[in-house]
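Reader: I have a model open and want a quick walk through it. Can you start with the terms?

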Amino acid sequence: MLYEKLNLQNGNILTAEHLTHIEKGIAAANHNSDLKGKKYYAFGDSIVMNQKTRRGYVTEMVERYGVVASNFGYSGHTLVQDYSTLYAKDFSDVAVVTIAYGVNDCRLGDTLGTADSMEVTTFAGALNSLL
């Protein structure tokens with residue numbers, strides 16, 4: 001519990017009991033999402049991979065919307081390196097996908113490419129081709 005009591009501007013006081021009731025209501029509302037029980041794929045590098053052990057957006061998606069998450073984040077990976085794996089995935093029953101690469105692509109010197117590129121050996125081309 002964040003607060004034992006909360007003094008409102010109008011002089012009313014919300015107690016821990018009130019706040020717990022409110023939090024439960026918010027949690028219930030979030031799990032009544034249209035995404036509840038639907039598949040969510042998270043692709044990326046170690047920033048995504050570490051979502052498995054730290055609280056981050058993958059956990060938020062699970063807790064807020066009730067999605068069933070699969071984390072495909074791998075340390076040191078680049079979008080160009082993982083392109084064929086992503087391209088081969090069956091997304092027909094997946095409701096939400098996040099693709100979060102770039103740090104290793106830059107660090108390892110992958111070619112950025114142009115905004116309209118479809119050349120999958122460049123970061124922009126691989127991303128455009130997947131989208």
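Author: Buried means under 20% relative accessible area, exposed means over 50%, and partly exposed is in between, with a 1.4 Å probe and protein chains only. This is a predicted model, in which local features need pLDDT of at least 70 and side-chain atom pairs count only at pLDDT 80 or more, while totals for chains, interfaces and linings use all residues. Residues are numbered from 1 along each chain as its sequence is written, and side-chain values use heavy atoms, with hydrogens and water left out.

Reader: Fine. Is Leu35 buried, partly exposed or exposed?

Author: Leu35 is partly exposed, because its relative accessibility is 23%.

Reader: Where does Leu35 lie?

Author: Leu35 is in the loop between helix H1 (16-30) and strand E3 (39-44). Helices (H or I, at least four residues) and strands (E, at least two) are DSSP runs, numbered from the N terminus.

Reader: And what does Leu35 touch, not counting residues up to four places away in sequence?

Author: With that exclusion, Leu35 touches Tyr65, Gly66, Val67, Ala95 and Val96. Contact means heavy atoms within 4.5 Å. For Leu35 and Gly66, the C-alpha atoms are 6.5 Å apart, with the two positions 31 residues apart along the chain.

Reader: Zooming out, how many helices and strands are there?

Author: The protein has six helices and five strands. From the N terminus on, the order is β-β-α-β-α-α-β-α-β-α-α.

Reader: What share of the residues is buried?

Author: Of the 131 residues in the protein, 27% are buried. As for contacts with a separation of 6 or more, 61% of them are between residues 24 or more positions apart.

Reader: What is the strand order in the open sheet of three strands?

Author: The order is E4-E3-E5, with parallel pairing. The edge strands are E4 (68-73) and E5 (94-100), each pairing on one side only. Twist from one strand to the next averages 15°. Two strands pair if DSSP finds at least two bridges between them.

Reader: How many bridges join E3 to E5?

Author: Six bridges join these parallel strands. In one bridge, Ala42 has Thr98 in E5 as its partner.

Reader: Which helix lies across E3, E4 and E5?

Author: That is helix H3 (residues 57-65), which runs at about 175° to E3. Axes are lines fitted to C-alpha atoms, for helices over the stretch in contact, and angles run from 0 to 180 degrees between N-to-C directions.

Reader: Switching to aromatics. How many pairs are there?

Author: Rings of Phe, Tyr and Trp (its six-membered ring) pair if their centres lie within 6.5 Å; planes under 30 degrees apart count as stacked, over 60 as edge-to-face and the rest as tilted. By this rule there are six aromatic pairs. Tyr41 and Phe43 form an edge-to-face pair, because their ring centres are 5.9 Å apart and their planes are at 85°.

Reader: What about Phe43 and Phe72?

Author: Phe43 and Phe72 are stacked, because their ring centres are 4.9 Å apart and their planes are at 15°. Phe43 is in strand E3 and Phe72 in strand E4, so this pair ties together parts 29 residues apart in sequence. Phe43 is buried, at a relative accessible area of 1%, and Phe72 is buried, at 18%.

Reader: Which residues do the ring pairs link into a cluster?

Author: The cluster consists of Tyr41, Phe43, Phe72 and Phe91. Tyr41 is buried, with a relative accessible area of 10%.

Reader: Now charges. How many salt bridges are found?

Author: There are two in the whole structure. A salt bridge is a side-chain nitrogen of Lys or Arg within 4 Å of a carboxyl oxygen of Asp or Glu. One joins Lys39 and Asp93, with the closest N and O atoms 2.9 Å apart. Lys39 is in strand E3 and Asp93 in the loop between helix H4 (79-88) and E5, so the pair links distant parts of the chain, 54 residues apart.

Reader: And what does Arg64 form a salt bridge with?

Author: Arg64 bridges to Glu60, with the closest N and O atoms 2.9 Å apart. Both lie in helix H3, four residues apart, about one turn of the helix. Arg64 is partly exposed at 42%, and Glu60 is partly exposed at 24%.

Reader: Last one: how far from Asp105 is the nearest side chain of opposite charge?

Author: That side chain is Arg107, 9.1 Å away, and Asp105 is buried yet has no salt bridge. Lys and Arg count as positive and Asp and Glu as negative, while His and the chain ends are not counted. Asp105 is in helix H5 (residues 103-107).
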